[in-house]
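Thanks for making time this morning; I would like to talk through the aromatic contacts in this model and then turn briefly to charges over rings. Please have the structure open while I speak.

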Amino acid sequence: MPSEQIVTDDLDLLLDALPPHISGPLRDAERRTDLLEVVMDLGRLPEARYPGREVVLSREEVTEADLQWVIARIGDFGDDNRAGIERTLHRISCIRNRRGKVIGLTCRVGRAVYGTIRVIEDLVLSGKNILLLGRPGVGKTTMLREVARVLADDANKRVIIVDTSNEIGGDGDVPHPAIGGSRRMQVATPSMQHAVMIEAVENHMPEVIVIDEIGTELEAQAARTIAERGVQLVGTAHGTSLENLMLNPTLADLIGGIQSVTLGDEEARRRGTQKSILERKAPPTFDIVVEIESWRRVSIHKNVAETVDAILRGYRAKPETRQLGPGGRIEIIDDSDREGGEFGMGAQGAGGARGGRPPTWEIGHRRNGGHIREYREPREPRAFEPAEPLEPEPAEDEEGTPFVTAAPRPASRITRLFPFGIPRGRLEQAARSVGANIELVDDPADADAVITLRNYYRNKPPALREAEERNLPLYVVKSSGVYQLEQALLQLRGDRGSTGRGPRRDPMVDIFRETEEAIAKVLEEGRPVELPPANSYVRRVQHQLANRYNLESRSSGKEPMRRVKILPLGTGTPFER
């Protein structure tokens, strides 16, 4: 691959197709650089578009004669209203009125830029299926063209390009030299692209299929068929990120598809989630997703299946960000400011790699819950936070007085509050009622405190376990009534509330902690652990906690000394209270 990027644009051929009074100003060397497209609309001034600016090319309005001048010097328009200039990469798109008459032209400059995929060359040569995403004009098609050339010439693979609008290989029957030794199959009409994709595999024995702009459900299904036949697939799709693709029902099949499933009671309790959840439907068509920011900077999801699963389970999926540095050196940077994926599944983790390394996924079930979780740096204390964690002081009585699991932070500032399982509208109403200065956030990583219901706290879903790991104050209320929320917000603010009572310690918090420590000991040492004597309600909670970790438990002794013994898996009998 060339050590430097080499640009071939054949711009003179495009300028020759434009009327002289429009092309004249563009023949100046300064005007040619970074030219994106020339726009000609009937009855308006012609414009040249550059990154971030537009330049008027003539004081004469565009006439029908000007439009016909261009149409006579280019190829025929297809069903997608696109045409080209033979053996160039330029694309001319037309705008028609209701009667089909051409009233506007967009003349887009096509450039062959060699060396644009150096930042992802290792992935391209790995043989895995790759999907390129990015905003319009960022260079997806240019990179795709270079991918085809590198695989055909450098990797000596049989490459077939399915070229719907002749944008990859250029207009005409002879393809542009920029695709190297790749073969090109043209598509008569865009609606038949999926059929040509299958035809390419069945008739021409390719090792690689290259497709631009996968945009319909039929094309997504054809892409899956190709991938299942063992042919490497490289394509582009509309969307700027993997999260956008997950929200697109037409193209979601490219990353495995999303479906709603209902869990059984036991499985929901084991996972610590609701019974109705979203899951990936099938293996993804593409193994790798590359989000293009520019030719020199990309964000890469190397394992699409794991990333999609993580996002659906409420975690932040941070990609690997690469940048092309001086001398062609590839730098993997820690883009800690990048926002992770959010899929509306509630609380999420946050992202940052330890020690400046790329993010590392921890796969499989863990004792503290979750399936896929990202390593991250401990959160830096804000200016108003104490540097050391505060001592816990949880409390709640049976009448419903809220308790906390850590002391409240200083008042007289905006408190970022993460609500879990509590209606936001009701919480905002309670905040207005007591004058609490709070801001509701969607991620415990951004929160100063967490508020949830007692039932959720008992089940300890991943979001609440993460909050405890971060030493966040955890406010627990018995119900989501406005009065209960007002009392919790008063404690958050540092007041005692209208009852004149301060928070009292809830013994159940210590019981939860004691039981979880016993469960951890059983899992680590494989020996039974006996808990202190407790009443029937506490024993029932202890049995439920043991069952959630797939451990067996049983009660022994007589009241009031009856106690629970937690047993390793495969020993004992079904528990009795």
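Phe 420 has a relative accessibility of 17%, and because the cut-off for buried is under 20%, Phe 420 counts as buried in this predicted model. Phe 420 forms an aromatic pair with Tyr 456, and the geometry here is edge-to-face, with 5.3 Å from centre to centre and 90° between the planes. If you follow the chain, Phe 420 belongs to strand S23, residues 415-420, while Tyr 456 belongs to helix H13, residues 454-459, so this pair ties together parts that lie 36 residues apart in sequence. Tyr 456 itself, at 28% relative accessibility, is classed as partly exposed.

Which pairs does the search of the whole structure give us, and how many are there? It finds 3 aromatic pairs, and one that I want to set beside the edge-to-face case is Phe 418 with Phe 420, where the ring centres are 6.4 Å apart and the planes meet at 50°, so that pair is described as tilted. Phe 418 is buried as well, with a relative accessible area of 3%. Taken together, the ring pairs link Phe 418, Phe 420 and Tyr 456 into a cluster.

Let me finish with the charges. The charged end of Arg 53 sits over the ring of Tyr 50, at 4.3 Å from the ring centre, and there is a further arrangement of this kind in which the charged end of Arg 73 sits over the ring of Trp 69, at 3.6 Å from its centre.

Technical notes. Residues numbered from 1 in each chain as written. Predicted model: local features only at pLDDT ≥ 70, side-chain atom pairs only at ≥ 80, totals over all residues. Heavy atoms only, no water. Phe/Tyr/Trp six-rings, centres within 6.5 Å; stacked < 30°, edge-to-face > 60°. Buried < 20%, exposed > 50% of the residue type's maximum accessible area, 1.4 Å probe, protein only. Helix = DSSP H or I, 4+ residues; strand = E, 2+ residues; numbered from the N terminus. Lys NZ or Arg CZ within 6 Å of the ring centre and 35° of its normal.
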